[in-house]
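Me: I'm new to reading protein structures, and I'd like a close look at one part of this one. Could you take me slowly through a single loop and the helices and residues around it?

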Amino acid sequence: MNGQPISLHLSPHARAVGLWLLVVAAMVGAMTVIGGVTRLTESGLSMVEWRPLIGALPPISDGEWARVFALYQTSPEYQKINSGMSLAEFKQIFWWEYIHRFWGRLIGLAYAAPLAFFWIKGWIPKGLRTRMILLLALGGSQGVIGWWMVKSGLVDRPDVSHFRLAIHLGMAFIIAGALVWTALDFLSPRTPEAAPRGLRRMSWVVLAALFLVIILGAFVAGTNAGMIYNTFPLMDGRLLPPDYAALTPWWRNSLESIGAIQFNHRWAAVLTTILIITVWLRARVSVLHSGHRQAPSVMALLAIVQVGLGITTLLSLVWIPLAALHQATALLLFVAAVWTVWAFRAVSYTHLRAHETGRNL
């Protein structure tokens, strides 16, 4: 092939499936932003019951509003923070959580209904059917994880567990990444030769490092660690915050100390960005195929933007529009890392022929 990408003629069916997967991935991305705003506006504990089916409709009558408000008044958040809140004030926080849950249901419908149609029409290759069902199961489990997270804030303390929040956010990123990977399998040809082994390994390290940064970011959000030490690069005039090692045993600090959580997130992000730029530079001088160049370039650009957004968000005392943009860019960066790993992998001629057959059903 003389170092050129394999050219496959995409059937309209394959293109339709791929574009549908990208739309669902974009909806998942929007869901993470809605969830972030819900968290930042302290709206996430306003709905204290989980009704997967009949809960799709919001309160309509005055009686139903009174019922859900009465339920909220029994929660730790109302009793310890919002005691005396009026019904009108309650509605303001209720709607953000309702939109968050409603959007999750909409994603489920947007994935399940077209999947059934494409499956019946025979547009899903047999080799991808298990993956498509797994994605459906992961999406369903995300709703359960979300309620499990909310329940942690309805017992004693008026805040959700940052560990459960991290699992919930991490699952959203995994689902979005898997959707994009699968969409690329439908929409884009790969080169028959892989990128150099060192670059392939580094791309996987970048993806893992980014996922760790995302989990650490969830720890920051879940503990409100972004509301302190609002300077950069120093924290209270020091490189290490004064409470970095305040807890015993020592390993608890990275999990529970607010200063340590923020420090770990900010510097893990900086180190990961340096690693991303290294991959981009190596790709520019080492990779021969043009198909290998675009993804790391996009990833490097987004990484630089994301670091800037993170610092600006911190300095702004977590201004909600900036924080939401920071979370949205995090998802775009993660997707770019998934694209980079996907692009760097080789694909055998046997797989190409089988995949081409599946695309031209």
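What follows is a walk around one loop and its surroundings, then on to a second loop further along the chain.

Reply: Happy to! Please keep in mind that this is a predicted model.

Let's start with D159. Where does D159 sit? You will find D159 in the loop that links α5, residues 126-151, to α6, residues 162-187. Is D159 buried or exposed? Its relative accessible area is 16%, and the cut-off for buried is under 20%, so D159 counts as buried. Now look at what surrounds D159. Setting aside the neighbours within four places in sequence, D159 is in contact with R39, L45, S152, G153, G222 and N224. One of these, R39, deserves a second look: the side chains of D159 and R39 are joined by a polar contact of 2.7 Å.

Next come the two helices that this loop joins. Two packed helices are described by the angle between their axes and by the distance between those axes. For α5 and α6, the axes cross at roughly 160° and come within 10 Å. Angles over 145 degrees count as roughly antiparallel, so α5 is roughly antiparallel to α6. Their crossing is left-handed. Which kinds of residue make up the contact of α5 with α6? The contact divides into 16 nonpolar, 6 polar and 3 charged residues.

Helix α5 has another partner to look at, α4, which covers residues 87-121. Here the packing angle is about 165°, and the axes are 11 Å apart. That angle makes α4 roughly antiparallel to α5. When α4 passes α5, the crossing is left-handed. You can pick out the contact residue by residue. From α4 come E97, R101, Y111, A112, L115 and W119, and from α5 come R129, M132, I133, L135, L136, W147 and V150. Sorted by kind, the residues of this contact are 10 nonpolar, no polar and 3 charged.

While you are on α4, find I99, which lies in that helix. With a relative accessible area of 37%, I99 is partly exposed. I99 also shows how a chain can bring distant positions together: I99 and P58 are 41 residues apart in sequence, while their C-alpha atoms are 9.5 Å apart in space.

Now let's move to the loop between α7, residues 197-223, and α8, where P233 is found. Some backbone background helps here. Most residues other than glycine have a negative phi, and most peptide bonds are trans. With that in mind, which peptide bond ahead of P233 should you inspect? The bond from F232 to P233 is cis, with omega near 5°. P249 is found in the loop between α7 and α8 as well, and the peptide bond from T248 to P249 is also cis, with omega near -5°.

Phi is worth checking in this loop too. Y229, found between α7 and α8, is not a glycine, and its phi is positive, near 50°. D236 has its place in that loop as well, and although D236 is not a glycine, its phi is positive at about 60°. How do Y229 and D236 sit with respect to the surface? Y229 is buried, with a relative accessible area of 16%. D236 has a relative accessibility of 53%, and the cut-off for exposed is over 50%, so D236 counts as exposed.

The chain then reaches α8, which covers residues 253-256. S254 lies in this helix and is partly exposed, with a relative accessible area of 33%. Which residues does S254 touch, beyond those up to four places away in sequence? They are F219, Y244, A260, I261 and N264. Look at N264 in particular: the side chains of S254 and N264 make a polar contact of 3.3 Å. The two residues are 10 apart along the chain, and their C-alpha atoms are separated by 7.4 Å.

We finish at S257, in the loop between α8 and α9, the latter covering residues 258-286. S257 is buried, with a relative accessible area of 5%. Not counting residues up to four places away in sequence, S257 touches D243, Y244, L247 and R252. Y244 is thus a neighbour you have met before: S254 touches Y244, and S257 touches Y244.

Terms used:
Residues numbered from 1 in each chain as written. Predicted model: local features only at pLDDT ≥ 70, side-chain atom pairs only at ≥ 80, totals over all residues. Heavy atoms only, no water. Helix = DSSP H or I, 4+ residues; strand = E, 2+ residues; numbered from the N terminus. Buried < 20%, exposed > 50% of the residue type's maximum accessible area, 1.4 Å probe, protein only. Polar contact = N/O pair within 3.5 Å; in protein donor to acceptor, adjacent residues only side chain to side chain. Contact = heavy atoms within 4.5 Å. Axes fitted to C-alpha atoms, helices over the stretch in contact; angles between N-to-C directions. Parallel < 35°, antiparallel > 145°, perpendicular 65-115°, else oblique. Left-handed = near helix turned anticlockwise from the far one by under 90°. Nonpolar A, V, L, I, M, F, W, Y, C, P; charged D, E, K, R; others polar.
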